[in-house]
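Colleague: Please take a close look at one part of this model, the surroundings of the ligand, and then place that part within the whole chain. A single connected account would be most useful.

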Amino acid sequence: MTDKSKINELDEKKIEQAHLDDVVEKIKKSEDQLQEHMNVAEEDLKVINNAFDDIHLGMDGDSISMDAALSIHQQQQMLDERNNSWQQSKQRYGILKKLEKNPFFARLDFQEKGEPREETVYIGLSSFTDKNDHFLVYDWRAPISSIYYDGKLGKVTYMTPDGEQEVNLFLKRQFLVEDGKIKAYFDTQETIGDQMLLEVLDGKSSTHMKGIVKTIQKEQNKIIRDTTSKLLFVQGAAGSGKTSAILQRIAYLLYRYRGTLTSSQVVMFSPNSLFNDYIKDVLPEMGEQNMVQMTYKQFLARRLPNLSVESLSQQFETVVDTANKNISKFVSDIEFFNILTNYSKLLDQSGMAFKNIKFQGKVFIPKEKIQEIYYSYGPQYNLGNRLDATVDRLIKMLHRKMGAEMRSNWVSERIENLDKEQLQALYNAADQEFKNGDEEKKFLARKIVAVTMQGVYKYIKHLRFLNVAGNYLNFLKAVPKIVDLEQRGITKEQWEEYTTNFVKSFNSKQISMNNLSPYLYLYDLVTGKHGELDMKFVFIDEIQDYTPFQLAYMKYKFPRARYTMLGDLNQSIFTKKNSQTLLSEAQSLFEADETRVVQLVHSYRSTKQITDFTKAILTNGQKIEPFNREGDLPNLFMADSESESLKQVMTQLKVNDKRKFTTAIIAKTLEDADHLHELLEEKGVKSTLIRSENQRLATGTIVLPSFLAKGLEFDAVIMWDASKDKFDEDEQQLVYTIASRAMHKLTIASIGELSQLLQRVPEKFYTREK
Ligand SMILES: Nc1ncnc2c1ncn2[C@@H]1O[C@H](COP(=O)(O)OP(=O)(O)OP(=O)(O)O)[C@@H](O)[C@H]1O
């Protein structure tokens with residue numbers, strides 16, 4: 001750089017800083033105004049609340065006058081209005097506080113086609129206008145901001161709600177701002193320059209994920225701003241920013257459809273609750289509310305409070321033999337979904353299973369009678385309204401029964417034995433009057449019968465007389481008659497065993513993941529339950545761990561939503577899929593012209609050395625390109641015994657601590673993690689063991705099992721016990737998932753011979769230490 005250009009740059013920086021200071025000052029003014037506004041609203045709220053109390057005090061006893069009722073209604077409306085306005089101001093205030101520290105991170109100079117003058121815009125976390133509605137900062141999600149992420153210099157286009165717009169872009173500048181001070185700026189030619197990205201990626205990991213607004217990459221921008229696809233399928237290498245991109249996408253959608261889309265109409269399915277906790281700050285930091293977040297299991301299991309569903313660890317540690325594998329494959333395919341859908345149609349004619357309705361321990365309406373009623377409705381009825389009509393009939397029968405019961409002996413006896421207190425409890429009012437004794441007796445009899453029959457009433461209304469498990473079992477038994485199981489590698493006996501196992505676990509109040517979705521799907525079909533029509537966007541992260549059946553079921557549950565599915569086919573640790581089948585199966589649920597597939601191949605999380613290493617683990621993987629960030633070669637510790645290996649791990653922990661790296665030691669199973677944690681404790685080394693997804697990530701060294709490491713990242717990772725035969729040949733993807741969690745340092749610890757899955761990594765990609 002010549003002296004002259006250096007001086008120019010210094011001047012330029014001063015000018016930009018002066019501009020930034022000016023913007024900050026205006027933001028602060030705006031904050032003051034908002035604060036005043038909030039104070040007034042708070043005062044108003046107090047006044048209205050006091051008035052409320054006065055009205056309540058003015059009411060005599062139970063009665064309430066028309067005037068008072070009206071007044072309460074008006075007060076309530078005012079209260080809601082004020083509250084809303086206060087909430088909005090508070091939210092905006094929060095955003096301004098963030099803008100004040102870092103008002104913008106980019107600048108664009110351009111000329112719109114057909115416009116006489118050049119324009120300069122600044123881009124930040126949120127829009128900010130001055131008194132004259134002049135934009136001082138543009139929201140990163142505004143249409144024009146798109147060219148910051150997308151375009152090169154020169155002629156570029158961007159999408160606006162009215163169509164494509166062309167501009168001539170002269171300057172693209174990025175700022176590194178800290179606490180209101182411009183630390184550096186870069187003028188870039190291409191999309192977001194490497195320099196800025198390098199600065200960001202060199203940073204340390206944390207227990208909570210960070211947003212990436214300043215450095216969104218062109219490919220990621222495509223995902224974020226897609227508004228046309230019904231299915232947006234993103235295949236991305238480990239660390240390519242899939243999760244980051246979807247969180248930005250949610251923020252974008254909430255901005256783009258402000259007023260018609262709320263955060264409760266967006267749901268995200270994530271791999272485990274630990275991960276939910278990890279990402280929970282990203283949206284609020286962008287000034288948006290979090291979407292609905294859950295795991296697929298939570299989504300279903302909440303409907304079966306009395307059954308316990310197989311845990312992640314059980315699911316992960318189940319040994320799968322060939323028979324199990326074939327059955328698992330069969331029951332998780334779309335074909336099985338279709339078989340079940342067709343089977344439900346047969347139930348329209350016959351075969352629906354019911355349970356007896358009992359009263360005081362005796363059968364009151366037998367299941368055969370219910371079945372007769374159910375099938376007495378003609379073919380114009382479908383399963384759902386057939387059931388509704390049956391409920392109506394059963395309730396009528398219940399009413400008739402009530403009439404009969406009122407005259408029965410046990411009721412008369414109960415009335416005679418009522419003491420004063422019990423009587424009072426049954427009357428509507430303390431001084432209730434009756435024409436004569438007969439009327440009083442009738443009244444009491446009705447009350448007593450109603451109370452005792454309450455349970456039966458609920459039983460009917462809540463459809464408990466439907467034998468859901470019986471119906472599902474009948475279905476399982478019918479399967480061999482519907483399809484040729486032999487052709488699918490399943491013998492008659494194996495299927496029978498699968499069926500009996502369902503019954504066995506059901507009787508001990510358990511259900512496997514394989515049975516859970518079909519079980520609930522059948523329930524939905526039989527009860528005619530529609531999906532959640534109001535849900536507009538569904539995001540599914542780590543899609544490779546879902547079965548096609550589960551995807552088809554989700555589509556049924558959220559029929560009107562647009563779907564974004566993200567995953568890495570290299571990381572299928574539960575389904576162990578190794579091909580594109582899932583993608584094609586997911587696509588088969590949507591029209592081809594509504595589907596878009598995006599590939600993210602650059603891995604941003606790890607250094608080039610770590611990515612080269614992890615890439616070599618996969619023999620037949622998806623494309624991965626390392627980002628050019630340099631670091632140490634991964635190191636491999638070979639030990640002859642567990643105690644030696646432990647010592648090596650402790651040495652590495654010391655080195656990592658010195659470099660201020662947070663280390664995660666990842667073991668294959670929960671048992672391994674538990675054991676290692678104990679060993680460390682015995683040696684006086686502090687670490688936190690994460691055993692369940694319901695825990696939170698802690699700072700400092702953590703020890704966790706591989707199936708909980710999904711989606712997370714750490715400065716340093718030590719892979720514990722990567723010894724021979726620890727991992728099977730089909731667990732390549734698991735080993736890859738573990739190793740690819742490391743950002744800056746990867747260490748492999750092996751006892752005895754090294755895992756055959758790692759032996760294939762060329763020696764130039766790591767250093768070996770005894
Ligand atoms: N455009 C970007 N700018 C800055 N950082 C980025 C960008 N994209 C990704 N990153 C960083 O890369 C890391 C990995 O991102 P993320 O977790 O979103 O990837 P992923 O594809 O979901 O990974 P995995 O499938 O392995 O869980 C994160 O630290 C994220 O902040």
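**The ligand site and its setting**

Modeller: Setting aside neighbours within four places in sequence, glycine 236 is in contact with Lys242, Leu566, Asp568 and Leu600. The model is a predicted one, and every contact given here is to be read in that light. Glycine 236 belongs to strand β8, which covers residues 231-236. Glycine 236 counts as buried because 26 C-beta neighbours lie inside 10 Å, where 20 or more are required.

One of the contacts of glycine 236, Lys242, leads directly to the ligand. Lys242 is among the residues that come nearest to the ligand, together with Ala238, Gly241, Thr243 and Ser244, out of 23 residues around it. Helix α6 spans 242-256, and both this helix and α4 (194-201) supply at least two residues each to the shell. By character, the shell divides into 11 polar, 7 nonpolar and 5 charged residues.

The database record can be set beside this picture. The unreviewed UniProt entry lists Gly236, Ala237, Ala238, Gly239, Ser240, Gly241, Lys242 and Thr243 under "binding site". Of the listed positions, Thr243 deserves a separate description. Threonine 243 is placed in helix α6. With 25 other C-beta atoms within 10 Å, threonine 243 is buried, since the threshold is 20 or more. Beyond residues up to four places away in sequence, threonine 243 touches Ile279, Asp541 and Gly711.

Contacts of this kind fit the pattern of the chain as a whole. Among contacts between residues at least 6 apart in sequence, 74% join residues at least 24 apart. The protein chain holds 27 helices and 26 strands, and its C-alpha atoms fill a box of roughly 110 × 75 × 60 Å along the principal axes. The domain assignment gives three segments sets: domain 1 (4-56 + 69-100), domain 2 (357-466) and domain 3 (630-768). Between the centres of domain 1 and domain 2, taken over C-alpha atoms, the separation is 57 Å.

The interior comes next. Of the 770 residues in the protein chain, 36% are buried. The largest nonpolar core comprises 161 residues, and Ile666, Val717, Met719 and Ala739 have the most contacts inside it. In soluble globular proteins, nonpolar side chains tend to be buried together. Alanine 739 illustrates how this core is joined: apart from residues up to four places away in sequence, alanine 739 touches Phe613, Thr614, Ile617, Val717, Met719 and Leu746. Val717 and Met719 therefore appear both as contacts of alanine 739 and among the core residues with the most contacts.

Two loop residues provide a contrast to these buried positions. Most residues other than glycine have a negative phi. Aspartate 725, in the loop between β24 (714-719) and α26 (732-739), has a positive phi near 65 degrees. Aspartate 725 is exposed because 9 C-beta neighbours lie inside 10 Å, and 12 or fewer place a residue in that class. Aspartate 179 likewise has a positive phi, about 45 degrees, although it is not a glycine. Aspartate 179 sits in the loop joining β6 (163-178) and β7 (181-187), and with 8 other C-beta atoms within 10 Å it too is exposed.

Definitions and conventions
Residues numbered from 1 in each chain as written. Predicted model: local features only at pLDDT ≥ 70, side-chain atom pairs only at ≥ 80, totals over all residues. Near = placed C-beta within 6 Å. Helix = DSSP H or I, 4+ residues; strand = E, 2+ residues; numbered from the N terminus. Nonpolar A, V, L, I, M, F, W, Y, C, P; charged D, E, K, R; others polar. Domains from an automatic or database assignment. UniProt positions renumbered as here; feature names shortened; annotations may be inferred. Contact = placed C-beta atoms within 7 Å. Core = buried A, V, L, I, M, F, W, Y, C linked by C-beta atoms within 7 Å.
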